[in-house]
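The following exercises concern a structure shown below. Each task is followed by a solution that goes step by step.

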Number of protein chains: 2
Amino acid sequence: MNLPAVLDDESVKDLRERWPALSPDERVDAFARVPREEAFDFFLSLMPLGQSQILQALPPKERLVWMRTLAPDDAADVLQEIGEEERGEFLALLDEPTRREVSALLAYAEDDAGGLMSPRFVRVRPDMTVDEAIRYLRRQTRSPVETLYYVYVLDHDQKLLGVTSVRELFTAHPDAPVHTVMEKDVVSAREEMDQEEMARLFAAYDLLALPVVDGENRMKGIVTIDDIVDVVQEEATEDVQKFGGMNALDAPYLQTSFVSMIRKRGGWLSVLFLGEMLTASAMGVYEKEIARAVVLALFVPLIISSGGNSGSQASTLVIRAMALGEVKLRDWFRIIRRELAAGFTLGIILASIGVVRILLWQQLFHTYGEHYRLVAATVALSLVGVVTWGTLSGSMLPFVLRRLGFDPASASAPFVATLVDVSGLVIYFNMAAFVLSGTLL
Amino acid sequence: MNLPAVLDDESVKDLRERWPALSPDERVDAFARVPREEAFDFFLSLMPLGQSQILQALPPKERLVWMRTLAPDDAADVLQEIGEEERGEFLALLDEPTRREVSALLAYAEDDAGGLMSPRFVRVRPDMTVDEAIRYLRRQTRSPVETLYYVYVLDHDQKLLGVTSVRELFTAHPDAPVHTVMEKDVVSAREEMDQEEMARLFAAYDLLALPVVDGENRMKGIVTIDDIVDVVQEEATEDVQKFGGMNALDAPYLQTSFVSMIRKRGGWLSVLFLGEMLTASAMGVYEKEIARAVVLALFVPLIISSGGNSGSQASTLVIRAMALGEVKLRDWFRIIRRELAAGFTLGIILASIGVVRILLWQQLFHTYGEHYRLVAATVALSLVGVVTWGTLSGSMLPFVLRRLGFDPASASAPFVATLVDVSGLVIYFNMAAFVLSGTLL
């Protein structure tokens with residue numbers, strides 16, 4: 001990139017657009033050209049990975065300023081991106097109270113409620129009046145807080161008693177005690193709740209923030225919806241990459257090193273390849289049949305790919321429905337019935353197309369010899385069998401994986417296809433032996 | 001389901017959990033059992049589809065109460081779910097000013113900024129003092145507003161001059177005029193902006209709400225982040241279903257009728273099947289070679305699936321990176337270079353595994369005849385070619401689709417596999433003719 005020494009407004013907008021596609025070096029170089037008055041906003045809007053890249057490139061003296069602009073939960077996320085060796089050095093740049101907060105947050109797993117939460121929320125006491133509470137809020141907001149939307153009511157042990165909002169306080173009678181205007185039935189998350197589950201809570205209750213409590217209902221922090229948007233995107237990316245038959249990348253595509261990408265892709269590809277080798281063995285079993293009726297070999301790719309395609313449709317639907325909480329483990333029997341019917345119907349549709357194709361080609365080119373009717377019957381019956389079987393396996397594989405404690409999203413299109421290919425061959429050649437014995441075989 | 005006449009707290013929580021899996025009839029039945037004091041919250045937390053199902057099942061008299069609990073943007077979403085014939089009937093239930101607001105919103109496409117926005121936001125004038133503004137806010141919040149987080153500063157023509165927040169007003173000097181404390185550089189969306197682009201704006205600027213303006217910068221409404229979370233989930237589901245090789249469903253899996261599901265899946269499956277028929281033709285071209293060296297047929301499924309798997313990995317990565325804005329059309333050449341190198345490396349890895357397998361089986365079972373070394377060479381060279389070609393096609397297909405105006409997410413694993421299968425056969429049999437001519441062929 002060729003950039004001017006200081007970027008104008010348009011170029012900064014352009015930079016935001018281009019940001020995800022830039023290499024770490026280009027990012028550091030471009031950030032240095034953002035005008036001073038914009039740099040603060042720009043830095044805060046970056047994802048933790050980008051922030052850590054910039055911090056690590058800055059001279060030690062400048063690091064201090066930028067580290068201290070970060071809220072404690074964001075600082076903890078940035079430190080997660082920085083290697084363990086350097087982490088202490090960056091932690092030391094924070095002021096004492098923030099350092100304590102950040103260290104506490106670093107103890108949580110990155111994907112837990114505890115790892116996402118901010119310890120800076122607004123709190124009031126239950127026995128304050130509404131007017132006192134509003135004045136107290138105005139004082140608290142002078143130091144940074146994560147959101148003003150919800151106001152949490154805590155007792156002297158920091159136990160969460162209820163929640164109210166600035167809006168409710170504004171409209172309540174000024175002399176009413178806070179505990180009379182608060183909502184007592186608070187939706188909260190335990191520190192160790194997984195981020196995906198938390199995203200579902202936000203969606204189910206239309207929340208803007210969620211309080212995080214420990215085992216004794218003591219409030220530890222809040223998770224805000226802007227962090228959840230990132231979580232939802234991140235989880236969708238992981239799912240999508242697993243669907244494509246690979247391990248999820250840890251960083252954006254263009255930020256991932258060649259070696260780490262080959263490792264993520266090559267691992268799964270090799271596993272799938274080893275599985276697919278069974279097709280060579282299966283074909284070996286039917287080598288004599290193929291030698292006698294070469295016409296059988298012609299339809300092998302068509303038959304097995306139909307099983308794979310219908311299977312990957314079914315597994316995709318079930319995996320996504322599971323991720324959104326629409327389908328649970330106990331629903332497996334409902335899904336079997338539904339997918340059995342769907343697979344059979346789809347099989348009939350493909351078989352009909354296949355028969356038309358074979359009869360048409362026979363009329364036009366006499367491709368399939370004197371027994372073309374039997375060949376067509378073999379292909380059609382195999383298609384019904386393979387598509388039904390593919391659909392059923394594809395829809396059940398996510399259940400099996402989840403039951404065994406694996407991520408159902410690993411039941412990717414390539415995985416399902418590999419699984420179905422071998423059984424597709426067995427179905428096809430047995431059908432052929434049945435239909436063609438005495439004529440071609 | 002067997003439910004008591006009135007649900008207790010635990011059962012309501014359970015119902016929220018089970019909700020997405022229920023049929024429309026079960027939903028209506030279950031909702032009738034939610035206790036009165038919970039029903040309001042419960043109804044408001046549902047997605048528009050669920051709300052419309054309940055509204056349509058209620059007796060006309062009750063519909064009025066529930067329709068009026070909805071904010072105008074939510075009411076518009078519900079009416080989108082209700083058929084055009086019945087829509088007028090439900091619209092008539094609203095009070096006059098809300099009906100006007102909702103009718104205006106219905107004119108926008110569902111997926112546009114205009115279709116997502118709420119016309120109820122808090123506004124102040126630039127020449128008010130901070131103290132006046134706060135008092136004015138307290139008055140506005142007595143009628144329902146979407147969010148208090150941002151306060152928009154409008155002139156007499158409703159033109160958007162700036163934005164401030166309750167927090168900033170709280171901490172500013174009470175006598176300062178609003179225009180001195182507002183942020184003038186406002187990020188806003190035009191009415192016709194697509195929801196996916198809006199989701200990217202929310203992420204890039206870490207917004208909680210986004211003002212929507214017309215061509216003359218007059219403020220029309222705001223879109224809040226809770227609607228954007230739904231958008232992100234919805235778009236991810238559509239992408240994931242397209243990846244699985246099918247048209248995206250319009251409703252949750254278990255809510256989709258059997259016929260509409262067969263149509264969505266059968267359409268794509270038939271198209272893929274027609275494409276895959278080319279493999280039968282391609283195999284037909286090499287029928288003589290297969291008859292002479294049946295051993296070649298054994299590796300057909302292995303070779304073509306390797307191309308398909310590597311291609312679907314590459315397309316998945318590129319599609320997701322495009323959806324997140326990490327990769328743009330102009331980046332195509334960077335991607336080609338990267339994926340060419342990746343494909344070649346992955347091809348070498350698979351070829352090595354393949355050679356080891358063939359040599360090992362030959363030692364153990366003497367499966368592949370006297371020319372087993374040449375067979376191994378054919379398979380290995382074909383794998384390098386097919387995997388490189390598959391990776392390259394998989395990564396470029398999303399670019400081609402986007403360039404032609406299609407959704408790049410249609411470059412699903414099954415689509416890529418079908419595309420690569422035919423070319424994989426051509427590569428394999430030509431490699432065989434080259435290596436084996438004079439011996440097996």
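**Exercise 1. Determine which residue of chain B forms a salt bridge with E339(A), and place this pair within the polar contacts between the chains.**

Solution. The model is a predicted one.
Step 1. Apply the cut-off: a side-chain nitrogen of Lys or Arg must lie within 4 Å of a carboxyl oxygen of Asp or Glu. The closest N and O atoms of E339(A) and R265(B) are 2.8 Å apart, and the pair forms a salt bridge.
Step 2. Count the salt bridges between chain A and chain B: there are two.
Step 3. Extend the count to polar contacts. Between chain A and chain B, 18 residue pairs are in polar contact, with both residues at pLDDT 80 or more.
Step 4. Ask which element of chain A gives the most to the side that touches chain B. Helix α15 of chain A, residues 258-285, does so with 18 residues.
Step 5. Sort that side of chain A by class: 64 residues are nonpolar, 28 are polar and 25 are charged.

**Exercise 2. Describe the extent of the interface between chain A and chain B.**

Solution.
Step 1. Count the residues in contact: 117 of chain A meet 117 of chain B.
Step 2. State the area. The two chains bury about 10,800 Å² between them, and carbon and sulfur atoms account for 64% of it.
Step 3. Identify the residues of chain A that lose the most area to chain B. They are F170(A), Y253(A) and R338(A), which together make up 7% of what that side buries.

**Exercise 3. Establish how chain A and chain B are related.**

Solution.
Step 1. Superpose the copies. A turn of 180° with a shift of 0.0 Å along the axis lays chain A on chain B with an RMSD of 0.2 Å.
Step 2. Interpret the operation: the two copies are therefore related as by a two-fold rotation axis.
Step 3. Compare the contact surfaces. The same surface serves both copies, as 100% of the contact residues of chain A recur in chain B.

**Exercise 4. Explain what the aromatic pair of F121(A) and Y152(A) ties together.**

Solution.
Step 1. Find the total: the structure holds 24 aromatic pairs over all chains.
Step 2. Classify the pair. F121(A) and Y152(A) are edge-to-face, at 6.0 Å centre to centre and 90° between the planes.
Step 3. Locate the partners. F121(A) lies in the loop between α9 (113-116) and β1 (123-124) of chain A, and Y152(A) in strand β2 (residues 150-154) of chain A, so the pair ties together parts 31 residues apart in sequence.

How values were computed: Residues numbered from 1 in each chain as written. Chains lettered and ligands numbered in written order. Predicted model: local features only at pLDDT ≥ 70, side-chain atom pairs only at ≥ 80, totals over all residues. Heavy atoms only, no water. Contact = heavy atoms within 4.5 Å. Buried area = accessible area lost by both parts, 1.4 Å probe. Polar contact = N/O pair within 3.5 Å; in protein donor to acceptor, adjacent residues only side chain to side chain. Helix = DSSP H or I, 4+ residues; strand = E, 2+ residues; numbered from the N terminus. Nonpolar A, V, L, I, M, F, W, Y, C, P; charged D, E, K, R; others polar. Least-squares fit on C-alpha atoms with pLDDT ≥ 70 in both. Phe/Tyr/Trp six-rings, centres within 6.5 Å; stacked < 30°, edge-to-face > 60°.
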